[in-house]
Amino acid sequence: MNKKERLVAAIENGTVIDHIPAEKTYQVAALLELQNLITPVTIGNNYPSKKVGKKGIIKVSDKFFTDEEISRLSVVAPKIVLNIIRDYEVVEKKTVDTPDELRGIVKCNNPKCITNNEPVSTIFNVVDKEQGILKCHYCDKEQDIDKVELC
């Protein structure tokens, strides 16, 4: 597809978040707190995708995300693609992968866990990336990544 046929306007500099499962698009936008940005943000949803069926796409002008922000994304939408744009060209593509450890991103669902009773940041080890199984570092309770609550 040439640049003039794009469904959403090109951006000069910034990040394009692509291949978001359509049902996760607005969750990704909320997680990145895009509503607080003062730069242009374009959110498109329900575009056809060979990879995920229907996809969302978010274009954020003049914003480059930190590794911490990107690791938060892996919890709700692993395998999305970040395209780093400079001067209207893709200069880097990153596929978001779930890291081996998640710190301060998700809550433990064990009410007796120290993280729910003391001012302690959560730490989860990702014990099975394929199945999305997380294990609390403190109480050893396992959680399904699709059912977690974010901090």
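In the predicted model, strands β6, β7, β8 and β9 make up an open sheet of four strands, arranged in the order β6-β7-β8-β9 with antiparallel pairing. The edges of this sheet are taken by β6 (101-103) and β9 (142-144); each has a single partner strand, so one side of each is left without a neighbour in the sheet. On average, and with direction ignored, neighbouring strands here are turned by 30° against each other. The edge strand β6 runs antiparallel to strand β7 (residues 123-128), and three bridges join the two. Within this pairing, E101 has N125 of β7 opposite.

A second sheet, also described as open, contains five strands in the order β2-β3-β1-β4-β5, and its pairing is antiparallel. Its edge positions are held by β2 (41-49) and β5 (89-95); because each of these has a single partner strand, one side of each is left without a neighbour in the sheet. The average turn between neighbouring strands of this five-stranded sheet is 20°, direction ignored. Strands of a sheet pair through backbone hydrogen bonds, either parallel or antiparallel.

Two pairings of the five-stranded sheet can be described in detail. Strand β1 (residues 14-21) is paired with strand β3 (residues 53-61) in the antiparallel sense, over six bridges. In that pairing, P21 has K55 of β3 as its bridge partner. Strand β4 (residues 81-86) and β5 are likewise antiparallel, with six bridges between them. Here R86 is bridged to E89 of β5. The connection between β4 and β5 is a hairpin with two residues between the strands. D87 lies in the turn of this hairpin and has a positive phi of about 55°.

R86 also takes part in a contact through its side chain. The charged end of R86 sits over the ring of F64, at 4.3 Å from the ring centre. As for pairs of aromatic rings, the structure holds zero.

Over the whole protein chain, two helices and nine strands are found. Their succession along the sequence is β-α-β-β-α-β-β-β-β-β-β. The C-alpha atoms of the protein chain fill a box of roughly 55 × 30 × 25 Å along the principal axes.

The protein chain is divided into two domains, with domain 1 covering residues 14-95 and domain 2 covering residues 101-144. The centres of domain 1 and domain 2, taken over C-alpha atoms, are separated by 25 Å. Contact between the domains involves four residues of domain 1 and four residues of domain 2. The area buried between domain 1 and domain 2 is about 300 Å², and carbon and sulfur atoms give 70% of this area. On the side of domain 1, S71, R72 and V75 supply 88% of the area buried against domain 2, more than any other three residues.

Methods. Residues numbered from 1 in each chain as written. Predicted model: local features only at pLDDT ≥ 70, side-chain atom pairs only at ≥ 80, totals over all residues. Heavy atoms only, no water. Phe/Tyr/Trp six-rings, centres within 6.5 Å; stacked < 30°, edge-to-face > 60°. Lys NZ or Arg CZ within 6 Å of the ring centre and 35° of its normal. Pairing = 2+ DSSP bridges. Axes fitted to C-alpha atoms, helices over the stretch in contact; angles between N-to-C directions. Domains from an automatic or database assignment. Contact = heavy atoms within 4.5 Å. Buried area = accessible area lost by both parts, 1.4 Å probe.
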